[in-house]
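Here are my notes on the model, as numbered points. Please read them with the coordinates open.

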Amino acid sequence: MEAEVDVRLGDLHLSVDLRVGNDETVAVLGPNGAGKTTLLRALAGLNPLDRGTVVLDGETLEDTTTGAHVPSERRRIGVVFQDHVLFPHLSVLENVAFGPRCRGARRSVARRQAGAWLERVGLSDRAGARAGELSGGQAQRVALARALACEPRLLLLDEPLAALDATTRPAIRRDLRRRLDAYGGMRVVVTHDPLEAMALADRLLVLEAGRVVQSGTRQELISRPRSPYVADLVGVNLFRGQARQTRVRVEGLDLVVPDAGHGEVLVVVHPRSVALHRSRPDGTPRNVWRGRVEVVDPEGERSRVRVTGPLTVVAEVTAAAVNDLELAPGGPVWVAVKATDVQVYEA
């Protein structure tokens with residue numbers, strides 16, 4: 001699928017070039033209002049383009065220069081909406097059969113296809129149930145089965161796990177990944193959750209204010225984030241500074257780094273590379289400064305500690321280190337980062 005999407009909707013001006021390969025899942029991330037759902041609706045034909053094209057398997061679905069426009073119901077595109085949008089007055093079987101029926105299949109054919117898809121997603125025993133009788137995970141699988149029953153070439157999923165509670169989401173996320181991998185078409189998943197995006201997708205595309213700020217694999221985004229939002233998504237420290245060979249001036253601090261050349265650069269420091277101490281450390285670290293603990297945020301067996309000072313930085317330490325160092329908001333602490341752990345690249 002190849003698309004050049006230009007849509008104006010209220011204060012939003014969405015301008016995105018998107019390519020999705022066969023058997024590839026692309027996750028679209030971004031803050032609220034970035035244009036994620038608008039992008040999906042434009043691809044599905046639910047929001048007309050102000051300018052651009054949408055081409056799927058060589059077929060032009062929309063082209064504003066020629067006036068070509070294939071209606072959404074005739075596009076080989078399946079959509080799973082955030083709230084799953086199951087019809088409460090229909091049975092599970094009839095909900096799934098609705099997709100093929102909209103594409104012109106006879107009732108008997110549509111019901112047979114629906115039954116086959118319910119068996120694939122493990123819900124054949126719920127065929128006669130109503131939507132209100134389903135759990136969140138079951139409703140998500142029914143919505144997916146309904147979209148796939150239309151045999152789409154492109155599958156669009158808008159926050160597919162948002163309606164699930166935290167205890168069931170990990171298992172259903174793994175189940176969804178297996179089902180997406182088994183489906184041979186192209187997939188685009190909209191999400192605000194970086195963990196969900198990294199678990200489901202082969203490639204990530206980040207939108208901010210209607211524009212693509214970065215696209216790539218998880219490792220590419222971690223190693224070279226291009227904006228503070230991307231850095232927050234992947235959980236690393238990102239700074240902008242001025243390089244002078246082996247030093248980079250960042251905020252109120254000169255960082256010692258491997259040779260970085262000259263000019264404006266971006267600097268990444270992974271939180272696990274940030275060491276915290278109660279007193280000034282001896283030894284090899286070349287970058288040492290004093291700060292004050294602002295936040296201690298436990299995450300399982302480790303904690304993320306935000307330290308303010310001449311350079312505000314997030315460190316990731318063990319729960320034992322939090323206790324041993326008596327880390328608490330307002331407490332003084334020394335920060336150390338080895339020069340070799342500082343990554344520098346062009347801004």
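**Notes on the predicted model**

1. D6 is part of strand β1, which covers residues 2-9. The model is a predicted one, and the remarks below should be read with that in mind. The relative accessibility of D6 is 7%, so D6 falls under the 20% cut-off and counts as buried. Beyond four places in sequence, D6 touches H13, L14 and S15, and also L49, D50 and R51. For a long-range reference, R203 is 197 residues away from D6 in sequence, with a C-alpha to C-alpha distance of 22 Å.

2. On the overall make-up, the chain has nine helices and 21 strands. The C-alpha trace spans about 75 × 50 × 35 Å along its principal axes. Of the 347 residues, 49% are buried. When contacts between residues at least 6 apart in sequence are taken, 63% of them join residues at least 24 apart.

3. On surface and charge, the accessible surface comes to about 16,500 Å², and carbon and sulfur atoms account for 46% of that area. The chain has 46 positive and 44 negative charges, and the mean positions of these two sets lie 2 Å apart.

4. How are the residues of α1 placed with respect to the rest of the structure? Seven of the nine are buried, so the helix is largely enclosed by the rest of the structure. The buried residues are K36, T38, L39, L40, A42, L43 and A44. After α1 comes G45, with a positive phi near 85°.

5. Helix α1 (residues 36-44) also matters for the internal cavities, as it gives three residues to the lining of the largest cavity, the largest share. The structure holds two cavities of 30 Å³ or more, and the volume of the largest is about 50 Å³. The residues lining the largest cavity are T37, L40, R41, L46, V79, F81 and D158. L40 is also among the buried residues of α1.

6. The largest pocket has a volume of about 450 Å³. It is lined by 18 residues, and those closest to its centre are I77, V79, F81, F98 and R103. Three elements each supply at least two lining residues: β7 (77-80), α2 (92-102) and α4 (136-148). V79 and F81 appear in the lining of the largest cavity and also in the group closest to the centre of the largest pocket.

7. Two glutamates deserve a check of their backbone geometry. Most residues other than glycine have a negative phi. E151, in the loop between α4 and β8 (154-158), has a positive phi near 55°. E159, in the loop between β8 and α5 (169-182), also has a positive value, near 45°. Which of these is buried and which exposed? E151 has a relative accessibility of 53% and so counts as exposed, being over the 50% cut-off. E159, at 9%, counts as buried.

8. Another glutamate, E196, is in helix α6 (residues 194-200). Its relative accessible area is 3%, so E196 is buried. Outside its neighbours within four places in sequence, E196 is in contact with P160, L161, R173 and T191. A reader checking the surroundings of this acidic side chain can start from those four residues.

9. V322 is in helix α9, which runs over residues 319-324. At 14% relative accessibility, V322 is under the 20% cut-off and therefore counts as buried. Apart from neighbours within four places in sequence, V322 is in contact with V296, S303, V317 and L327. L276 lies 46 residues from V322 in sequence, and the C-alpha to C-alpha distance between the two is 9.6 Å.

10. To draw the buried positions together: D6 in β1 has 7% relative accessibility, E159 has 9%, E196 has 3% and V322 has 14%. E151, by contrast, is exposed at 53%.

Methods. Residues numbered from 1 in each chain as written. Predicted model: local features only at pLDDT ≥ 70, side-chain atom pairs only at ≥ 80, totals over all residues. Heavy atoms only, no water. Helix = DSSP H or I, 4+ residues; strand = E, 2+ residues; numbered from the N terminus. Buried < 20%, exposed > 50% of the residue type's maximum accessible area, 1.4 Å probe, protein only. Contact = heavy atoms within 4.5 Å. Areas by Shrake-Rupley, 256 points an atom, 1.4 Å probe, with all protein chains shown as cover. Lys, Arg positive; Asp, Glu negative; His and termini not counted. Charge placed at Lys NZ, Arg CZ, Asp CG, Glu CD. 1 Å grid on protein atoms, 1.4 Å probe; cavity = no way out; pocket = protein on both sides within 12 Å on 5 of 7 lines; lining within 4 Å. Points joined across faces, edges and corners; volume = space filled by probe spheres on them.
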